[in-house]
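The exercises here are meant for someone meeting this structure for the first time. Please look through the sequence and the model before starting, and try each task before reading its solution.

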Amino acid sequence: MSTNRTQIDGTSTRNRSAISNGSWRLEGVDSRSALGRRFRDLCVSFANDLGGDASLNEPQRALIRQVAAVTVESEKLQASIVRGEDVDHENLVRLNNLQARLVKQLDIKPKGQKPKRSLADIIGAAA
């Protein structure tokens, strides 16, 4: 029994996951919720800081999703503190340390950041 089927194109956007197609959505997450929107906004912002979504490779996209998720969780804990609720401060410190390491790994620099001056530049400016 032979069937004449059309070969599936592996590069078709219809045969890839939403994340592979450049979406910042996560499976099972309502991106219309406040946390879903914040996650997506952070992903877009971090991607823009790195030159835009089109210039990113998959490991960078994965790290961006990770730092966005850590940032959302950290912000939830910060909101709990402001509301006067008890939080695990050690967990907040761990999240913030992880966030800093991920941002450094991605080499995200704040917009408008002045280039670091060398010691020679500082000495020359003082003279």
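The exercises below concern a predicted model, and each task is followed by a worked solution.

**Exercise 1. The overall fold**

Task: State how many helices and strands there are in the chain, and give the pattern that the chain follows along the sequence.

Solution: Begin with the count, which gives four helices and zero strands in the chain. Next, read along the sequence, where the pattern comes out as α-α-α-α. To complete the overview, consider burial: of the 127 residues in the chain, 23% are buried.

**Exercise 2. Two pairs of helices**

Task: Describe how α2 packs against α3 and how α1 crosses α2, and decide for each crossing whether it is left-handed or right-handed.

Solution: Two packed helices are described by the angle between their axes and the distance between the axes. For the pair formed by helix α2, residues 58-82, and helix α3, residues 89-106, the angle is about 150° and the axes are 9 Å apart. An angle over 145 degrees counts as roughly antiparallel, and α2 is therefore roughly antiparallel to α3. The crossing of these two helices, α2 and α3, is left-handed.

The second pair brings in helix α1, residues 34-49, whose axis comes within 9 Å of the axis of α2, with a crossing at roughly 130°. This angle makes α1 oblique to α2. The crossing of α1 and α2 is right-handed.

**Exercise 3. A buried position in α2**

Task: Determine whether V67 is buried or exposed, and find how far its C-alpha atom is from that of F46.

Solution: First locate V67, which is found in helix α2. Because buried means under 20% relative accessible area, V67, with a value of 0%, is buried. Then compare sequence with space: V67 and F46 are 21 residues apart in sequence, while their C-alpha atoms are 8.8 Å apart.

**Exercise 4. Salt bridges**

Task: Give the number of salt bridges, and work through the pairs R61 with E58, R94 with E90, and E85 with R83.

Solution: The count comes to six salt bridges, and three of the pairs are taken here in turn.

1. The side chains of R61 and E58 meet at 3.3 Å, N to O. Both residues, R61 and E58, lie in helix α2, three residues apart, which is about one turn of the helix. With a relative accessible area of 12%, R61 is buried, whereas E58, at 38%, is partly exposed. The pair also belongs to a network of salt bridges in which D53, E58 and R61 are linked.

2. In the bridge between R94 and E90, the closest N and O atoms are 2.6 Å apart. R94 and E90 are separated by about one helical turn because they are four residues apart in helix α3. R94 is exposed, with a relative accessible area of 53%, and E90 is partly exposed, with 47%.

3. The side chains of E85 and R83 form a salt bridge at 2.9 Å, N to O. The relative accessible area of E85 is 39%, so that E85 is partly exposed, while R83, at 54%, is exposed.

**Exercise 5. A loop residue with an uncommon phi**

Task: Say where D107 is found, what is noteworthy in its phi, and how far its C-alpha atom is from that of D49.

Solution: Start with the location, since D107 is found in the loop between α3 and α4. Its relative accessibility is 49%, so D107 counts as partly exposed. Turn then to the backbone. Most residues other than glycine have a negative phi. The phi of D107, by contrast, is near 60°, a positive value in a residue other than glycine. Finally, D107 and D49 are 58 residues apart along the chain, yet their C-alpha atoms are separated by 9.3 Å.

**Exercise 6. A nonpolar surface patch**

Task: Identify which residues make the nonpolar surface patch of about 300 Å², and establish whether L119 is buried or exposed.

Solution: The patch is made by L119, I122 and I123. Taking L119 as the example, place it in helix α4, which covers residues 119-126. Because exposed means over 50% relative accessible area, L119 is exposed, with a value of 62%.

Technical notes: Residues are numbered from 1 along each chain as its sequence is written. This is a predicted model: local features need pLDDT of at least 70, side-chain atom pairs count only at pLDDT 80 or more; totals for chains, interfaces and linings use all residues. Side-chain values use heavy atoms; hydrogens and water are left out. Patches are made of residues with over 30% relative accessible area and no salt bridge: like charges are joined within 9 Å, nonpolar side chains (Val, Leu, Ile, Met, Phe, Trp, Tyr) within 5 Å. Accessible areas come from the Shrake-Rupley method with a 1.4 Å probe; for residues, only the protein chains shown count as cover. A salt bridge is a side-chain nitrogen of Lys or Arg within 4 Å of a carboxyl oxygen of Asp or Glu. Buried means under 20% relative accessible area, exposed over 50%, partly exposed in between (1.4 Å probe, protein chains only). Axes are lines fitted to C-alpha atoms, for helices over the stretch in contact, and angles run from 0 to 180 degrees between N-to-C directions. Angles under 35 degrees count as roughly parallel, over 145 as roughly antiparallel, 65 to 115 as roughly perpendicular and the rest as oblique. A crossing is left-handed if the near helix is turned anticlockwise from the far one by less than a right angle, and right-handed if clockwise.
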